[in-house]
Amino acid sequence: MSEPIVIRCRENGPYVLEGPVKVVDHLGNAFTIPAGKNNVALCRCGHSKNRPFCDGSHRDCGFQAAEVAPADVGERGA
Ligand code: FES
């Protein structure tokens, strides 16, 4: 059985997906992911000009998100 995909919630930043992933739009068409990238950062602040990917705009828009999972639930990622 394969390991689950890890989605890391960056503090005040994007969701980072680790490992080979395919990101598709609402029609099922795949976005191009730069060759050789192992991590993909998805915008969750809504300000990226390259959505669904993060372009760093979260740093300038005051986006805040620092959710913390309960320590006794689930496994911590690598
Ligand atoms: S989370 Fe980085 S630009 Fe939105």
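Tutor: Let's start with a definition: a residue is buried when its relative accessible area is under 20%, exposed when that area is over 50%, and partly exposed in between. Please keep in mind that this is a predicted model.

Student: Why is Gly56 called buried?

Tutor: Gly56 has a relative accessibility of 9%. The cut-off for buried is under 20%, so Gly56 counts as buried. Gly56 lies in the segment after strand 3, and its C-alpha atom is separated by 9.7 Å from that of Ala41, 15 residues apart along the chain.

Student: What makes His58 buried?

Tutor: The reasoning is the one we just used. His58 has 12% relative accessibility, and buried means under 20%, so His58 counts as buried. His58 is also found in the segment after strand 3. Not counting residues up to four places away in sequence, His58 touches Asn12, Gly13, Pro14, Cys45 and Phe63.

Student: How many of the residues in the protein are buried?

Tutor: Of the 78 residues, 22% are buried.

Student: Let's turn to the fold. How do you know that the pattern is β-β-β?

Tutor: The protein has 0 helices and 3 strands. Reading along the sequence therefore gives β-β-β, since only helices and strands, numbered from the N terminus, enter the pattern.

Student: Why are strand 2 and strand 3 said to pair?

Tutor: Pairing needs at least two bridges between the strands. Strand 2 (residues 15-18) and strand 3 are joined by 4 bridges, so they pair, and they run antiparallel. Within this pairing, Val16 stands opposite Ala41 in strand 3.

Student: Which residues of strand 3 are on the covered face and which on the uncovered one?

Tutor: In strand 3 (residues 39-42), Val40 and Leu42 form the covered face, while Asn39 and Ala41 form the uncovered one. In a regular strand the side chains alternate between the two faces of the sheet.

Student: What makes up the largest nonpolar core?

Tutor: That core has 5 residues: Leu17, Val23, Val40, Leu42 and Phe53. Members of a nonpolar core are buried and are joined through side-chain atoms within 4.5 Å, so each of these five meets the under 20% cut-off. Val40 also has contacts that reach along the chain: leaving aside neighbours within four places in sequence, they are Tyr15, Val16, Leu17, Val21, Val23, Ile33 and Phe53.

Student: How do you know that Arg8 and Glu18 form a salt bridge?

Tutor: The closest N and O atoms of Arg8 and Glu18 are 2.9 Å apart. A salt bridge needs the side-chain nitrogen of Lys or Arg to be within 4 Å of a carboxyl oxygen of Asp or Glu, so this pair qualifies. The pair links distant parts of the chain, with Arg8 in strand 1 (residues 6-9) and Glu18 in strand 2, 10 residues apart.

Student: Why are Arg8 and Glu18 each called partly exposed?

Tutor: Arg8 has 30% relative accessibility, and Glu18 has a relative accessible area of 26%. Partly exposed is the range between the 20% and 50% cut-offs, so both residues belong there.

Student: How many salt bridges does the structure hold?

Tutor: It holds 2. In the other bridge we should look at, the side chains of Arg44 and Glu67 meet at 3.1 Å, N to O. Both residues lie in the segment after strand 3, so the pair ties together parts that are 23 residues apart in sequence.

Student: Are Arg44 and Glu67 buried or exposed?

Tutor: Arg44, with a relative accessible area of 17%, is buried, because the cut-off is under 20%. Glu67, at 54%, counts as exposed, because exposed means over 50%.

Student: What makes Tyr15 part of a nonpolar patch on the surface?

Tutor: Patch residues need over 30% relative accessible area and no salt bridge. Tyr15 is at 32% and counts as partly exposed, so it passes the area cut-off. Tyr15, found in strand 2, forms the patch with Ile5 and Ile7, and together the three have about 300 Å² of accessible area.

Student: Why is Val6 called partly exposed?

Tutor: Val6 has a relative accessible area of 28%, which falls between 20% and 50%, so partly exposed is the right term. Val6 has its place in strand 1 and touches Val16, Leu17 and Glu18, not counting residues up to four places away in sequence.

Notes
Residues numbered from 1 in each chain as written. Predicted model: local features only at pLDDT ≥ 70, side-chain atom pairs only at ≥ 80, totals over all residues. Heavy atoms only, no water. Buried < 20%, exposed > 50% of the residue type's maximum accessible area, 1.4 Å probe, protein only. Helix = DSSP H or I, 4+ residues; strand = E, 2+ residues; numbered from the N terminus. Contact = heavy atoms within 4.5 Å. Patch = residues over 30% accessible without salt bridge, like charges linked within 9 Å, V, L, I, M, F, W, Y side chains within 5 Å. Areas by Shrake-Rupley, 256 points an atom, 1.4 Å probe, with all protein chains shown as cover.
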